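Please look over the sequence and the model shown below before reading on. The report that follows goes from the overall fold to single residues.

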Amino acid sequence: NLVLGGSFNFNLDAADLTLDNIWSIIDVASLNETFTDTFSVTGFAEESAGVWTNGVDLVFSETTGVLSVIPEPSVLAMFACGFGIIGFWRRSILRKA
């Protein structure tokens, strides 16, 4: 059994923050963990229940116990805009045909 409360601090000074890298912080498969109301991750905000993000490129999930590198929101926005432009262009080409 593991009860987690207070501030969790990740030292990421030497971490490889390459997209899609993950670190298993808590082995949820073999532990019976409980996160108390006082649990937090230093420098992160709780985006939704049990999901903590630093707002840039890292997310920690209480459910999986994993810290992972995610794309920056601006990268996701660029992809979405790109696909939107391609869809609009394709649609306008089909109308002309």
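## Strands, rings and single residues

In this predicted model, strand β7 (residues 51-53) runs antiparallel to strand β8 (residues 58-61), and 3 bridges join the two. One of the residues that can be followed across this pairing is V51, whose bridge partner in β8 is S61. In the loop between β7 and β8 lies G55, which is exposed, with a relative accessible area of 52%. G55 and F44 are 11 residues apart in sequence, and their C-alpha atoms are 7.2 Å apart in space.

Strand β7 also pairs with β6, again in the antiparallel sense and over 3 bridges. Here E46 stands opposite W52 in β7. The strands β6 and β7 form a hairpin with 2 residues between them, and G50 in the turn has a positive phi of about 80 degrees.

These pairings belong to a wider arrangement, an open sheet of 5 strands in the order β3-β9-β8-β7-β6, with antiparallel pairing. Which strands stand at the edges of this sheet? They are β3 (22-24) and β6 (45-48), and because each has a single partner strand, one side of each is left without a neighbour in the sheet. Direction ignored, neighbouring strands of this sheet are turned by 25 degrees against each other on average. As general background, strands of a sheet pair through backbone hydrogen bonds, either parallel or antiparallel.

The protein as a whole has 1 helix and 9 strands, and from the N terminus on its elements run β-β-β-β-β-β-β-β-β-α. Of its 97 residues, 23% count as buried. Among the contacts with a separation of 6 or more, 55% are accounted for by residues 24 or more positions apart. The accessible surface comes to about 6,900 Å², and 60% of this belongs to carbon and sulfur atoms.

In soluble globular proteins, nonpolar side chains tend to be buried together. In this model the largest nonpolar core has 13 residues, of which F8, F10, F39, V41, F44 and F60 touch the most other members. The elements that give two or more residues to this core are β8 and β9 (66-69).

One of these core residues, F39, can be described through its surroundings. Leaving aside its neighbours within four places in sequence, F39 is in contact with L4, G5, G6, F8, W52, F60 and E62. Two of these contacts, W52 and F60, also appear in ring pairs with F39, and the structure holds 8 aromatic pairs in total. The table sets out the two pairs.

| Ring pair | Distance between centres | Angle between planes | Kind of pair |
|---|---|---|---|
| F39 and W52 | 5.9 Å | 80 degrees | edge-to-face |
| F39 and F60 | 6.4 Å | 40 degrees | tilted |

Why is the pair of F39 and W52 edge-to-face? Ring planes over 60 degrees apart count as edge-to-face, and the planes of F39 and W52 are at 80 degrees, so the pair is given that name. The planes of F39 and F60 are at 40 degrees, so that pair is tilted.

Both pairs link distant parts of the chain. F39 lies in the loop between β4 (33-35) and β5 (40-41), while W52 lies in strand β7, 13 residues apart from F39. F60, in strand β8, is 21 residues apart from F39. Both F39 and W52 are buried, and F60 is buried as well. Ring pairs also link F8, F10, F35, F39, F44, W52 and F60 into a cluster.

Two further residues, S68 and D20, may be set side by side. Is S68 in strand β9 buried or exposed? S68 is buried, with a relative accessible area of 15%, and, leaving aside its neighbours within four places in sequence, S68 is in contact with N21, I22, D57, L58 and V59. D20, by contrast, is exposed, with a relative accessible area of 61%. D20 lies in the loop between β2 (7-8) and β3, and its phi is near 75 degrees, a positive value in a residue other than glycine.

Conventions
Residues are numbered from 1 along each chain as its sequence is written. This is a predicted model: local features need pLDDT of at least 70, side-chain atom pairs count only at pLDDT 80 or more; totals for chains, interfaces and linings use all residues. Side-chain values use heavy atoms; hydrogens and water are left out. Two strands pair if DSSP finds at least two bridges between them. Helices (H or I, at least four residues) and strands (E, at least two) are DSSP runs, numbered from the N terminus. Axes are lines fitted to C-alpha atoms, for helices over the stretch in contact, and angles run from 0 to 180 degrees between N-to-C directions. Buried means under 20% relative accessible area, exposed over 50%, partly exposed in between (1.4 Å probe, protein chains only). A nonpolar core is a set of buried Ala, Val, Leu, Ile, Met, Phe, Trp, Tyr and Cys residues joined through side-chain atoms within 4.5 Å. Contact means heavy atoms within 4.5 Å. Rings of Phe, Tyr and Trp (its six-membered ring) pair if their centres lie within 6.5 Å; planes under 30 degrees apart count as stacked, over 60 as edge-to-face and the rest as tilted. Accessible areas come from the Shrake-Rupley method with a 1.4 Å probe; for residues, only the protein chains shown count as cover.
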